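Reader: Hey, could you walk me through this one? I'm new to reading structures, so plain words please.
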Amino acid sequence: MLKYILLSAAMFAIGAYGALARRNLLIILMSIEVMLNGANIALVAFARQHAAVEVPGHVFVLMVMAVAAAEVGIGLALIIALFRTRRTVDTTDLTEPQG
Amino acid sequence: MKALFEDLAADPVFCVCALVALAGALTVVTRRNPVYSALGLMAAFVSFAVIFVKLSATFLAAIHVLVYTGAILVLFLFVIMLLNLQEKELGREAGRGAKLAAGLLAIALCGLIGWAAFSEKALHEPMPGILDARLEPKGDVPAISVSAKADPAGDTADWGGVRHVGMAIFTKWAFPFELVSALVVVAILGAVMLAKKKLPPGP
């Protein structure tokens, strides 16, 4: 059990580093996916640890997957729209409200 | 600590999957070219699916491969190819100081969660067998399981399978499930609106 939680913490920390230290919008979005996956591992591990009648952990992971899919769809659409007008995916170039 | 290493030594599949997942995640956050990041993400996703199978979450493992590797990652690769980023369009990297600060913050985060997990006694116990957890009622949880009701024979191998998770989703969690479908529809509409190319006005 402990090993799954440690792996989950490590994945979440790596994803947090990527979201903080990178400036490429695509990689920031991928880092967020890594963070969500780290949380999923913990949810499934706890569901298995308390292998009771129901599996709310599994249901929760399915919700997380749906939200992640929606988030990626919106995020990539935003990136495409931004790239069309600004020709960049660097967050530091996107600080002004108007182009 | 010793028990953790013994646990890891007794579980080579988990060790391999965890190493691949960590290496993939590190590839995601360190590569400059997003294509390599996407490939690292793929390695991490596939090893996560194996870990899900190890945790008896067979349905989630299948869905994980389908949704993450099959849909999300392909979408990422599709957008990377669509943008066809040149070197100067990738932008500048963050400075050394910012990376160091973010790295220290991430290590502190990992250490904090790890410390909390180590100090929690319940996490050091080995995982219970699924059969045992089923037969003995725990607290206010009755002994009859969702899948045992659906299947009078009560095959315990179905824990975390399609029937088990499906029964949970479409009975107790039906309303949240419908809300998620509304969310996905809104996301589709938003994505179409955002990415729609503005055509020049006709003659």
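Reader: Okay, first thing: is Asp11(B) buried or exposed?
Author: Asp11(B) is buried, because its relative accessible area is 10%. Buried means under 20% relative accessible area, exposed means over 50%, and partly exposed is in between, with a 1.4 Å probe and protein chains only.
Reader: And what am I looking at, and how is stuff numbered?
Author: This is a predicted model, where local features need pLDDT of at least 70 and side-chain atom pairs count only at pLDDT 80 or more, while totals for chains, interfaces and linings use all residues. Residues are numbered from 1 along each chain as its sequence is written, chains are lettered from A and ligands numbered from 1 in the order in which they are written, and side-chain values use heavy atoms, with hydrogens and water left out.
Reader: Cool. Which side chain from chain A meets Asp11(B) in a salt bridge?
Author: That's Lys3(A), with 2.6 Å from N to O. A salt bridge here is a side-chain nitrogen of Lys or Arg within 4 Å of a carboxyl oxygen of Asp or Glu.
Reader: Why does that pair join two chains?
Author: Lys3(A) sits in helix α1 (residues 2-21) of chain A and Asp11(B) in the loop between α1 (2-9) and α2 of chain B, so the pair joins two chains. Helices are DSSP runs (H or I, at least four residues), strands are runs of E with at least two, and both are numbered from the N terminus.
Reader: Is Lys3(A) buried or exposed?
Author: Buried: Lys3(A) has a relative accessible area of 7%.
Reader: Why would side chains like these pair up at all?
Author: Side chains of opposite charge can pair when their charged atoms come close.
Reader: What does Lys54(B) form with Asp11(B)?
Author: Lys54(B) forms a salt bridge with Asp11(B), and the closest N and O atoms are 3.2 Å apart. Lys54(B) is in helix α3 of chain B and Asp11(B) is in the α1-α2 loop of that chain, so the pair ties together parts 43 residues apart in sequence. With a relative accessible area of 33%, Lys54(B) is partly exposed.
Reader: How many salt bridges does the structure hold over all chains?
Author: There are 7 over all chains. Another one of them pairs Glu93(B) with Arg32(B), whose closest N and O atoms are 2.9 Å apart. That pair links distant parts of the chain, 61 residues apart: Glu93(B) is in the loop between α4 (58-83) and α5 (96-118) of chain B, and Arg32(B) is in the loop between α2 and α3 of chain B.
Reader: Which residues do shared partners join into one network?
Author: Lys3(A), Asp7(B), Asp11(B) and Lys54(B) are joined by salt bridges that share partners.
Reader: New topic: how much of α1(A) is buried?
Author: 16 of its 20 residues are buried, so α1(A) is largely enclosed by the rest of the structure.
Reader: And what packs against α1 of chain A?
Author: The buried residues of α5(B) do, and contact means heavy atoms within 4.5 Å. Ala102(B), Gly103(B), Ala106(B), Gly114(B) and Ala117(B) are buried in α5(B).
Reader: Where's Asp90(A)?
Author: Asp90(A) is in the segment after α3 (56-86) of chain A, and it is buried, with a relative accessible area of 0%. Not counting residues up to four places away in sequence, Asp90(A) touches Arg23(A), Gly91(B) and Arg92(B).
Reader: Back to chain B. Which residues form the nonpolar patch on the surface?
Author: Val13(B), Val35(B), Tyr36(B), Leu39(B), Met42(B), Val46(B) and Val50(B), with about 550 Å² of accessible area together. Patches are made of residues with over 30% relative accessible area and no salt bridge, with like charges joined within 9 Å and nonpolar side chains (Val, Leu, Ile, Met, Phe, Trp, Tyr) within 5 Å. Accessible areas come from the Shrake-Rupley method with a 1.4 Å probe, and for residues only the protein chains shown count as cover.
Reader: Where does the largest share of that patch come from?
Author: Helix α3 (residues 34-54) of chain B gives 6 residues. Val13(B) lies in helix α2 (residues 12-30) of chain B, and at 41% relative accessibility Val13(B) counts as partly exposed.
Reader: Last one: how many helices and strands does chain B have?
Author: Chain B has 9 helices and 0 strands. Of its 203 residues, 33% count as buried.
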